Amino acid sequence: KEVWVFCAMGMRDLAKDAANHFKGRVVFNFSSSGRLAKQIEEGASADVYLSANKRWVEYLKKKGLLVESSIEPVAKTQLVVIVPKDSKIKSLKEAKTIAVGDKSAPVGRYALEALKNLKLYGELKNRLVFAPNVRQVAVWVATGNADAGIVYLSDYLKFKKSVKLLKVLPEKSHSPAIFYGAAVKGGNVKEAEAFLNTLHSLPEREMERFGFRRP
Amino acid sequence: MVEVRVKKRLPKFNLNVSFKSEGLVTVLFAPSGSGKSLTLNCVAGVVKPDSGHIEVNGKVFYSSEEGINLKPQHRRVGFLFQDFALFPHLNVWANVTYGCRRRELANELLKLLQIEHLKEKLPSQLSGGQKQRVALARALAAEPELLLLDEPFSALHAGLKEELHREILRIIREFSLPTLLVTHDIDEAFELGDQVVVMDGGKTLAQGEPREIYLSPGSKRVAEILGHRCFIEATVCEVNGNQTVVKTAGGKRIKCRKGPFKRGEKVLVSVLPFSVALNPAQETNRLELKVKEVKLRRGTTQVTALFEGREVELHLPPSLLPNKLLEPGRVATFYLSPQLLPVLKEEP
Amino acid sequence: MVEVRVKKRLPKFNLNVSFKSEGLVTVLFAPSGSGKSLTLNCVAGVVKPDSGHIEVNGKVFYSSEEGINLKPQHRRVGFLFQDFALFPHLNVWANVTYGCRRRELANELLKLLQIEHLKEKLPSQLSGGQKQRVALARALAAEPELLLLDEPFSALHAGLKEELHREILRIIREFSLPTLLVTHDIDEAFELGDQVVVMDGGKTLAQGEPREIYLSPGSKRVAEILGHRCFIEATVCEVNGNQTVVKTAGGKRIKCRKGPFKRGEKVLVSVLPFSVALNPAQETNRLELKVKEVKLRRGTTQVTALFEGREVELHLPPSLLPNKLLEPGRVATFYLSPQLLPVLKEEP
Amino acid sequence: MGLDPLALFSVKLSLKVAISSTAIVTLLGTPLAYMLATRDFPFKNAVDALITLPLVFPPTVTGYILLLLLGRKGPIGELLYTLFHKGIVFTWYAAVVAAAVASFPIFVKSARAAIEAVDKRLLTVSYTLGKGEVNTFFRIVLPLAKRGIVAAVILSFARALGEFGATLMLAGYIPFKTNTIPLEIYSSVSNGDFERANLLTAVTAAIALVTIYAINRLSNRSKQW
Amino acid sequence: MGLDPLALFSVKLSLKVAISSTAIVTLLGTPLAYMLATRDFPFKNAVDALITLPLVFPPTVTGYILLLLLGRKGPIGELLYTLFHKGIVFTWYAAVVAAAVASFPIFVKSARAAIEAVDKRLLTVSYTLGKGEVNTFFRIVLPLAKRGIVAAVILSFARALGEFGATLMLAGYIPFKTNTIPLEIYSSVSNGDFERANLLTAVTAAIALVTIYAINRLSNRSKQW
Ligand SMILES: Nc1ncnc2c1ncn2[C@@H]1O[C@H](COP(=O)(O)OP(=O)(O)OP(=O)(O)O)[C@@H](O)[C@H]1O
Ligand SMILES: Nc1ncnc2c1ncn2[C@@H]1O[C@H](COP(=O)(O)OP(=O)(O)OP(=O)(O)O)[C@@H](O)[C@H]1O
Ligand code: MOO
Ligand SMILES: [Mg+2]
Ligand SMILES: [Mg+2]
């Protein structure tokens, strides 16, 4: 018996780690939180849904597709500004092009929120380039085409070789970047909850290795 | 038995043919662009007529009245297209056997048409005459119930053409294969045709046995199409059992071929070049004509002479030469055979 | 002046032609599949020879020795292809004016070839003979310095053909336009050719003026290609000023056309069908032959008679008929003219 | 530098998907192209346009539309479910459907143009020689349109091999199940594992080149079909 | 139900991009297709295969490769930067490049097949009538291959209009700058704004249909080019 996990791209590595600790077999489907939600809505045989924000969880909950009791935050991360490895930029204001996730990707929503709260949005608005997901932001920065980009800490850790960290965005500048987990109705709820438990019980140190903390 | 009545309008061309032939080989004879190929296309079902009736040996191919229009694949015709239309991707053997399953027949035909050695070649590797023979073989190999031949020998040299005339006739007779033959060669029409249908501008003008229609074409246009060249205006002055006697404008009496004419009728006399008899005989016409030009041709000497101011072309056997009398400017005596002087109705 | 020496190997066919002609119109005469079209293609630059030399009026088109190979677009030839090769997407007018800028010339040609009314039609809407004339117009409209005509009149009816013979000759002479003409029609070769080149199986066999080569073909193969049909074995027994006298196997002495023969030589006598003289004359040969078959043809009566057991075909003027003597089985007397009895070397 | 088991699986899967898709597209597309090229029928232009749409839509949209049609609640999906008691979404069949839909327009357009270039008279000639339409299609139309159809097959195969957007939507990225090479490459890139992505890209290129070469060779060798 | 300004901009942009891309592809692709169809030259097969690759690679990979080539650190990108003091990444030119690269293989393959179907003898005939190769190309090859080339143009246009993956990678999604319709649709869908996505999809379909119809009409009307 296997568990089907529909996982937001943002916590891909953490979820895979959890799967290593899990007794049963896990089948993953990675995508952006939104697209996964839509697949579930269309009747995909998912057991677990892992989203990068609350918005898509609510979306499915409203449609009555999730086991409401199982909805719980699973991990939390930070937003960081990264620049190309050889960049001489000292502040976000010096960047001519800034890559962020688009409004749909949770990472993009967090970033815009932060820029607005930091009173940078008006000035930087016209320098923004929107990426479909967080990894694309990292790729643009890594290849030097964007002068800076806003990503999760976990992505910075992944792309460490070709980007450097300019600064960590203040916690208060955006709503907390929290990932949620839930079991899907009509799926294998028992196994799903077992998997979610494994995720919840990951040791703190292990989560930090991937750039996450317990929420 | 072949019956064809077809109407078809094309932009700037109207086809309106109608003939019925009991003979085995029916020759369609007409100037270029008269609708011969179009007629064959209608018979084969390649072109759909606007109206009409097409019947071969009792099998109705097409009838606008009865609402019949047999598909080409059910008509069983062997069609040699004027431009051959060989399948470019198939070699000679595959082309020939395309419509038939009998290998021996195909082999026999290839041998007969002297293209055995070309079996493996593609059409693009064939000469014009070779293509034509492959097309002929393909048409025959399909074991058709009707043969449509659109100028089947036009690209062949004389020797081979004569041989093939014999062979094709043998096949046609052996299988009692009704055939529509298009040719521009009047001698071929004589050689092969049981019936000749003369067409012009999309219409059938006349029909008859080759010799009969050639020597009694009836109208000037038909005579012209069949190759008559010199016409002399005259008035019928006597009609007897086997001759029509006419009088020319210049008052000369000429004995001509018999025909359905009345005394006093205005007619045209067609002077056939080979009407020249070499000896005076009882029946022949004696004419003194001024020689205008003498040309040596291959099998004949072509003399252009003046008859009442009009040019007349006469052919003499070459063995008569050299002949001092036949020099331009001289007046020479010619004897013309009445049987080779057809009389035609003068058209308005 | 046209000089062509060309070698070209194709799968299963070797072309090796060589001729030089000072005449305006050079006719290539050969059986189907002998390499005529291939030769024209080499001259036009459409096919690249393996080696050789092609020169027209002093302009070298190709020379393997000198390393010259003019591109087709610089050879200025007017090529009428055997299969016409009209541009299917262009109408008649656009086809004809494709290679020329002079509208008047194109108009004149269309009028001359009687296809003016077809200007707007596409090739697919033309009859065979119409296509051929468009192709001819296109070739002429390019104002070429050399004309290559591959069976230019094969799809035309007799009347038009004769007219066009005259017109084409006029154009060729007016512009002193050297011309290579391929034809299967020996009469056309006579009519148009200044020189005739006889080919077979890719090789040139003989060359000469039409009449000369026809009456003195030299070898049996050339004679056959030119249309000679009956050959009789004989031995030369006398050579004089204007005759060769031979003796047949049966001991009959026959006076023949003169030729470069020695007494005692084994030869063939070609009996041309129209060698029949109608009257006895001093020079004629008198032969008593048994008639085997009599066929009425259009301009002639074809008699098949037996000479020493061999079939001989003879043509008599139709005006002789009806002739009681010429019935199958009877023995009739024929007079054959020595000038029309060419003598050929007997080949091993 | 070798392929890990997942990458190896993706290569096998992609081959299976691309070949199946190309086979389906060729079998369905050739008759359709023939109809479009030789017949006049009502709504012909509409059919023609409809086929072209999957090319115009961004693959994600195509995928989405397919999901609506083939999903458990979609009209076709429901039918499949009642018939076979399972759906095709998120299975490798879904990847085949996505690839087929994406390459169908390219195939039909190219094949149609190729068939239109065949001299229609030759079909007539074939009919007069007693061959019906099917026979004529196989012995005349197909061989003469061969070059164009082969080009169409190659284009379809290539397009199927590279299909990403619609596949992701319809089949999802499921390791050892629907991870075609493009999805696997995407996954590698998102993992920052550029080396693996490059390797897989090279494999794709190799497959494409070998296949194109093979198709060309095969079609040149057989002069007659 | 109307289009908001951003959507309207994306429609205009997409048209501009698709038309530019198709023009470039046609101008570069036609001579190349002609060369491939009529000449033998060294590495001909290699060139042929190379062109096909963008079709095989998932668009994201193509986009990534283009990014590496045209990006600020890439060989071509650097050259452009020294020449014009600006790059093309994240501009609408990038969208054109992405669309052009994605549709080039389809165009060349189809056009080549069309040109190969032209009877080579007619070229020879044209030469004997004194016309050089260029003249012959325009007056014989092009008109006779017209149907196939028109099909190729339509396919290219459609592919350009629908190009998503590579565009997203190379041009990014920048509102009022690089938001082609497919990107805008994607954005709408990810926003859950399905109505807007549907509207844009319908607009794409309409543009495609109108354009295909127009191209077909235009090419049928002009019997001669
Ligand atoms: N598709 C067409 N559209 C318009 N006119 C056509 C079409 N096909 C043929 N014609 C015209 O019909 C007439 C008859 O054509 P057809 O091919 O039957 O002539 P034909 O007697 O075979 O002549 P030829 O001896 O030259 O081959 C011609 O004048 C031709 O221009
Ligand atoms: N591409 C080719 N490959 C191989 N053989 C060829 C090719 N083209 C022509 N041939 C052969 O060359 C020979 C000469 O062909 P060509 O077309 O010159 O003949 P031709 O004298 O014009 O005959 P015809 O009077 O029948 O037109 C033929 O036997 C033909 O089969
Ligand atoms: O699920 Mo994401 O990684 O924020 O798009
Ligand atoms: Mg005809
Ligand atoms: Mg020839």
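In this predicted model, the C-alpha atoms at the two ends of residues 4-226 of chain B lie 22 Å apart, and helix makes up 33% and strand 26% of the span. An unreviewed UniProt entry lists these residues of chain B as "domain: ABC transporter".

Chain B also meets chain D, and a good place to begin is the extent of that contact. It draws 18 residues from chain D and 17 residues from chain B. About 1,700 Å² is buried between the two chains, with carbon and sulfur atoms giving 65% of this area. On the chain D side, D:R121, D:T128 and D:L129 lose the most area to chain B, together accounting for 35% of what that side buries.

D:R121 appears again in the polar picture: its side chain and that of B:D83 form a salt bridge, with 2.5 Å from N to O. The count of salt bridges between chain D and chain B is 1, and 5 residue pairs are in polar contact. Two elements of chain D, α6 (120-128) and α7 (133-144), each give two or more residues to the side that touches chain B. The largest share, 7 residues, comes from α6(D). By class, this side of chain D has 7 nonpolar, 7 polar and 4 charged residues.

Attention now turns to ligand 3. Its surrounding residues belong to chain A and include A:M9, A:S32, A:S33, A:P106 and A:V134. The shell has 8 nonpolar and 3 polar residues, with no charged ones. A polar side-chain atom of A:Y152 lies 3.0 Å from an oxygen atom of the ligand, while at A:V107 a backbone N or O atom lies 3.5 Å from a ligand oxygen atom.

Methods:
Residues are numbered from 1 along each chain as its sequence is written. Chains are lettered from A and ligands numbered from 1 in the order in which they are written. This is a predicted model: local features need pLDDT of at least 70, side-chain atom pairs count only at pLDDT 80 or more; totals for chains, interfaces and linings use all residues. Side-chain values use heavy atoms; hydrogens and water are left out. UniProt positions are given in the numbering used here, feature names are shortened, and annotations may be inferred rather than shown by experiment. Helices (H or I, at least four residues) and strands (E, at least two) are DSSP runs, numbered from the N terminus. A residue is near a molecule or strand if one of its heavy atoms lies within 4 Å of it. A polar contact is a pair of N or O atoms within 3.5 Å; within protein, one must be able to donate a hydrogen and the other to accept it, and residues adjacent in sequence count only if both atoms are side-chain atoms. Ala, Val, Leu, Ile, Met, Phe, Trp, Tyr, Cys and Pro count as nonpolar, Asp, Glu, Lys and Arg as charged, and the others, Gly among them, as polar. Contact means heavy atoms within 4.5 Å. Buried area is the accessible area (1.4 Å probe) that two parts lose on being put together, summed over both. A salt bridge is a side-chain nitrogen of Lys or Arg within 4 Å of a carboxyl oxygen of Asp or Glu.
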